[in-house]
Amino acid sequence: MAVQVGEASLRHAQYYASLLEQGNQMFLNGGEQLLDGLALFNQNEANIRSAQAWVSVQQQERGLELRARFANAGAHVVELRLSAREKQTWFENALQAAQALGLPDYELAYRSALGSCLGDLGESLAALEHLHQALAAAREMKNRSFEGTLLGQVGAAYLRMGQY
């Protein structure tokens, strides 16, 4: 019975992660689809949150893979629909999964996202810690585009702290 419940929970989470990706893509398409993407999230918010809560505690490989993917699945929609503290939780869970699975691209993205969330929350030192780690990783990966983005984020964090 427990295996059936676990499998059903996994399928539920996979479905809502896909729905979140669909809503995010609609949002990115712009125009009327932008509003449709937000509406899709709104109509399914309870199930999306339930699925995310379930994946946030998964430790087996399939659950970890979904956990690493979930926060990114709806990155733009989630930016508008979740509080900074909720986004922090989503990104921390995703970062842990990305680290466990050895996914450096995801780890880089989630450290950057955490830096932004923590900056929004006024936690500049914690934000800078994540941003500097992401910056070192971007340089190691020779990802110049992300390095430039991160340098801007680091500068903004220091500006918020009054250190310029």
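Helices are DSSP runs of H or I of at least four residues, numbered from the N terminus.

**Figure 1. Overall view of the predicted model of the protein chain.** From the N terminus on, the order of elements is α-α-α-α-α-α-α-α. The protein chain thus contains eight helices and zero strands. Along the principal axes, its C-alpha atoms occupy a box of roughly 55 × 40 × 30 Å. The radius of gyration is 17 Å, which agrees with the value near 15 Å for a compact globule of 164 residues. Buried residues account for 41% of the 164 residues. Of the contacts between residues at least 6 apart in sequence, 61% join residues at least 24 apart.

**Figure 2. Close-up of the packing of helix H5 on helix H6.** Two packed helices are described by the angle between their axes and the distance between the axes. Helix H5 spans residues 84-101, and its axis comes within 9 Å of that of H6, with a crossing angle of roughly 155 degrees. Because angles over 145 degrees count as roughly antiparallel, H5 is roughly antiparallel to H6. The crossing of these helices is left-handed. On the H5 side, the residues that meet H6 are Ala84, Lys87, Gln88, Phe91, Glu92, Ala94, Leu95, Ala98 and Gln99. Their counterparts in H6 are Tyr106, Glu107, Tyr110, Arg111, Ala113, Leu114, Cys117, Leu118 and Asp120. By class, the contact of H5 with H6 comprises 11 nonpolar, two polar and five charged residues.

**Figure 3. Close-up of the packing of helix H6 on helix H8.** Helix H6 covers residues 104-120 and helix H8 residues 144-160; their axes lie 11 Å apart at an angle of about 20 degrees. Angles under 35 degrees count as roughly parallel, so H6 is described as roughly parallel to H8. H6 passes H8 in a left-handed crossing. H6 contributes Leu108, Ala109, Ser112, Ser116 and Gly119 to the contact, while H8 contributes Phe146, Leu150, Gln153 and Arg160. These residues divide into four nonpolar, four polar and one charged.

**Figure 4. Close-up of Gly119 in helix H6.** Gly119 has a relative accessible area of 5% and is therefore buried. Apart from neighbours within four places in sequence, Gly119 is in contact with Ala127 and Arg160. Arg160 is also one of the H8 residues in the contact with H6. Between Gly119 and Ser145, the C-alpha to C-alpha separation is 21 Å, with their positions 26 residues apart in sequence.

**Figure 5. Close-up of Gln153 in helix H8.** A relative accessibility of 14% places Gln153 among the buried residues, because buried means under 20% relative accessible area. When residues up to four places away in sequence are not counted, Gln153 touches Ser112, Ser116 and Leu131. Ser112 and Ser116 belong to the H6 side of the contact with H8.

**Figure 6. Close-up of Asp36 in helix H2.** Helix H2 comprises residues 31-55. Asp36 has a relative accessibility of 40% and so counts as partly exposed. Asp36 and Met26 are separated by 10 residues in sequence, and their C-alpha atoms are 6.8 Å apart in space.

Technical notes. Residues numbered from 1 in each chain as written. Predicted model: local features only at pLDDT ≥ 70, side-chain atom pairs only at ≥ 80, totals over all residues. Heavy atoms only, no water. Axes fitted to C-alpha atoms, helices over the stretch in contact; angles between N-to-C directions. Helix = DSSP H or I, 4+ residues; strand = E, 2+ residues; numbered from the N terminus. Parallel < 35°, antiparallel > 145°, perpendicular 65-115°, else oblique. Left-handed = near helix turned anticlockwise from the far one by under 90°. Contact = heavy atoms within 4.5 Å. Nonpolar A, V, L, I, M, F, W, Y, C, P; charged D, E, K, R; others polar. Rg over C-alpha atoms; globule rule 2.2 N^0.38 Å. Buried < 20%, exposed > 50% of the residue type's maximum accessible area, 1.4 Å probe, protein only.
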